[in-house]
Structure formats: C-alpha cells, structure tokens
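Hi there,

I am passing a structure on to you today, and I hope you enjoy looking through it. Please open it beside this email.

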Amino acid sequence: MKKLFWIGSPFFSGSLAECGWEVCAHNFEHTAVFGWGDIVSIAGWEPDVVVVADKSRPPFVLGMEKFPCLTVFYCVDSHIHSWYPLYAQGFDACLMSLKDHMPRMAGDFLPAERIWWFPAFAKNDDLPLPHTPEWDLLFVGTVNPQTTPKRHAFLQALKARVPSLHITQGNYRQLYPKARLVLNFCEFGDLNFRVFEALGCGVCLVTPDIANGQPELFTNGEDLLTYPVHTEDSMDRLVATIEDALQDNGRCRRIAASGLAKVDSKHRARHRAQAFTDAVRALSAEETIKKRMHRASIRSGALRLIYLLLAESVESSLLKQAYLRAAG
C-alpha cells in the first residue's frame with residue numbers, strides 16, 4: 001500500500017482506497033496555500049504521491065516542483081484559467097478533463113506522454129430513482145443574465161419555442177428522474193459533469209454536439225441525444241430533436257438505458273480511480289528525481305511568471321506574499 005495525499009476538490013478520491021491506496025483527502029474553503037511541510041503535518045506522514053485537484057481558484061499548493069514524491073495536477077477548468085499550462089510544468093503528471101486542451105498543457109518540463117485524459121464521471125450517488133415524469137424537458141442549474149448570460153439567453157429562446165421546458169435549481173438526483181428529457185448546456189464547449197450525472201441517473205439526455213472526446217465516449221441516438229451548436233439552424237434542430245423524442249417514450253427509455261449501461265461499465269468514480277492507479281504506478285521514481293534536479297529551471301521558466309502576475313491581481317495579502325516568495 002502506498003500513501004497518497006489529495007488536496008482540493010474530492011472528485012474520485014473516495015474510490016482510491018479500493019485500489020490499494022492509503023489516502024488523506026483535504027478539501028478546504030478558506031484562503032490558504034500549502035507547502036510540503038503543511039501536507040506532511042495534515043496527513044501525519046510523508047506521502048508517496050500528492051494530487052492537487054482543481055478548485056478553480058488561484059494556486060493553493062506551492063513548491064511542488066521540489067516535493068520528494070510524485071506529484072499530479074488534476075486539471076478540470078482549463079477552459080477558464082489561462083495560467084494552468086505554466087502551473088502544470090511543476091508536476092510529474094497531469095490529468096486533463098477536456099481532451100482537446102491536452103496539447104496546450106505540454107511544455108519544457110511536462111511532456112505530452114505524462115498528460116492523461118481523465119474525462120468527467122458519474123458519482124456513486126448518481127443512480128436511477130423510480131418516479132412518475134412531471135416534466136417533458138428539464139434543466140437544472142443556475143440561470144442568471146449577469147453570471148451565466150449565454151445560458152440565460154439560450155434557455156429563454158428555447159422556452160419561447162418549447163413552453164413545457166422546466167428550469168429549476170436543486171438536488172439534480174431527485175429532479176432528473178421526474179423528467180422525460182434532461183437538457184444540458186455547455187457554456188464553453190466543455191464536456192461537463194452534467195453529461196455523466198444525467199446518464200448515471202438513468203435519464204434520457206439532450207446535450208450539445210461538442211468535441212473534447214464526447215463522441216468517443218457516447219453515441220448520438222444510442223446513449224444520448226445531441227444538438228448542434230454554432231450553426232444558423234441550431235435552435236430549429238434542437239426543437240426538432242426534442243419534439244421527436246417526446247413522441248416516442250420507448251425510444252427515450254432505450255436511450256436512457258444505454259447511456260446508463262455505458263456509465264456503469266466505464267464512467268463512474270471507481271473507473272477513474274483504477275485508471276489513475278494504473279497510470280501513476282507506471283511512473284518511475286526517476287521522474288521525481290529528474291523534476292527535483294530541474295526545480296530551479298521549472299521555477300524560473302514557468303512558475304515565476306504566473307506567481308508574479310497573480311501577486312498583482314489577487315486581493316488577498318496572504319496570497320500576494322506567498323506568490324512573491326514562491327517567485328523569488
């Protein structure tokens with residue numbers, strides 16, 4: 001058994017013990033930065049692997065380029081944060097949620113072969129529930145003209161065409177089974193968790209026809225239904241897809257069953273945990289030694305720039321000082 005310290009969003013960390021790891025998972029919500037000493041203090045032991053998992057906030061682990069163990073950056077929001085590729089250079093390996101963004105993460109200190117595609121997944125509690133459908137079409141999520149303007153405009157336009165669209169917030173696991181169709185919208189063309197969550201809950205999903213590996217994982221008309229984006233007739237085709245599906249309950253049930261089967265066989269937390277275990281155990285200790293030998297070059301050639309830029313932009317004095325020290 002090897003010791004693993006997981007810091008940041010939990011993701012599939014809860015399934016790693018089943019793969020033979022002794023795990024200390026540390027999530028946090030306060031403003032903080034962590035170094036090797038902090039990690040050892042929290043865990044109570046020195047880890048063999050440290051995973052820094054995306055929280056979509058400024059860097060909260062510093063000095064990873066000199067950690068005496070394997071380090072992994074779990075990158076989910078690469079469509080939002082432009083500094084991720086430079087930060088990733090300080091790690092031995094990188095997990096990428098969005099397949100199309102993998103090439104941009106490769107650099108002088110993180111080669112392409114140590115950037116691994118780890119798409120989103122269904123959580124253990126994303127399960128089918130028996131319910132009588134209450135809505136024809138359902139969207140669950142935040143819809144605000146200020147914070148999610150594209151989503152707001154899209155749903156308003158669709159609502160005008162499909163009045164039965166129900167928009168709400170709440171526990172999606174309780175809400176999804178009450179709909180005949182569940183709608184997804186990808187603000188940035190990202191293959192988001194909602195795809196896997198909906199399929200894991202056993203519902204018929206209508207989602208954008210995007211890249212980032214979606215066609216490799218799920219088949220349109222078999223596991224889910226897709227609609228085009230960025231075309232003049234996108235809305236017309238989406239409405240037609242919805243209307244056709246609502247006229248055939250049997251087809252919707254078959255698609256939902258196929259999507260659920262695909263998730264159950266390949267795309268739950270336990271699958272990502274096992275894939276991670278296999279990939280990390282294939283890395284040799286030489287990678288860590290090599291990284292530590294080049295720590296000064298990593299800091300000056302990649303990390304220093306983002307630390308200085310972030311020190312200028314963050315409001316927290318704690319973060320400013322930490323980034324300036326790390327840049328030095």
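Below is what turned up, starting with a sheet and moving on to a pocket and a cavity.

A word of caution before you start: this is a predicted model.

**The sheet**

A good place to begin is an open sheet made of 5 strands, which line up in the order β8-β7-β9-β10-β11 with parallel pairing. At its edges are β8 (165–168) and β11, each of which pairs on one side only. On average, neighbouring strands of this sheet are turned by 30° against each other, with direction ignored.

If you follow one end of that order, you come to β9 (residues 179–183) and β10 (residues 205–208), a parallel pair held over 2 bridges. To get from β9 to β10, the chain passes through helix α6 (residues 193–200), and this β-α-β crossover is right-handed. You can find the pairing by looking for L183, whose bridge partner in β10 is V206.

On its other side, β10 runs parallel to β11 (residues 225–227), and 3 bridges join the two. T207 has T226 in β11 as its bridge partner, and P208 stands opposite Y227 in β11.

Where does α6 pack, and which strands does it touch? The helix lies on the sheet, in contact with β7 (135–140), β9 and β10. The direction of α6 makes about 165° with that of β10.

**The pocket**

The largest pocket has a volume of about 530 Å³. Its lining has 26 residues, and the closest to the centre of the pocket are R151, D190, N192, F193 and R194. Helix α6 turns up again here: it gives the most to this lining, with 3 residues. By type, the lining of the largest pocket divides into 12 nonpolar, 8 polar and 6 charged residues.

**The cavity**

How many cavities of 30 Å³ or more does a search of the whole structure find? The search finds 1. The largest cavity holds about 50 Å³ of space. To locate it, select the residues that line it: V52, D54, K55, S56, R57, P58, P59, F60, F73, W83, Y84 and Y87. Of the residues in this lining, 8 are nonpolar, 1 is polar and 3 are charged.

If you only have a few minutes, I would look at α6 to begin with, since you will meet both the sheet it packs on and the largest pocket, to whose lining it gives 3 residues.

Happy exploring, and do write back with any questions.

Best wishes

Methods
Residues numbered from 1 in each chain as written. Predicted model: local features only at pLDDT ≥ 70, side-chain atom pairs only at ≥ 80, totals over all residues. Heavy atoms only, no water. 1 Å grid on protein atoms, 1.4 Å probe; cavity = no way out; pocket = protein on both sides within 12 Å on 5 of 7 lines; lining within 4 Å. Points joined across faces, edges and corners; volume = space filled by probe spheres on them. Nonpolar A, V, L, I, M, F, W, Y, C, P; charged D, E, K, R; others polar. Pairing = 2+ DSSP bridges. Helix = DSSP H or I, 4+ residues; strand = E, 2+ residues; numbered from the N terminus. Right-handed = clockwise from strand over helix to strand, strands pointing away. Axes fitted to C-alpha atoms, helices over the stretch in contact; angles between N-to-C directions. Contact = heavy atoms within 4.5 Å.
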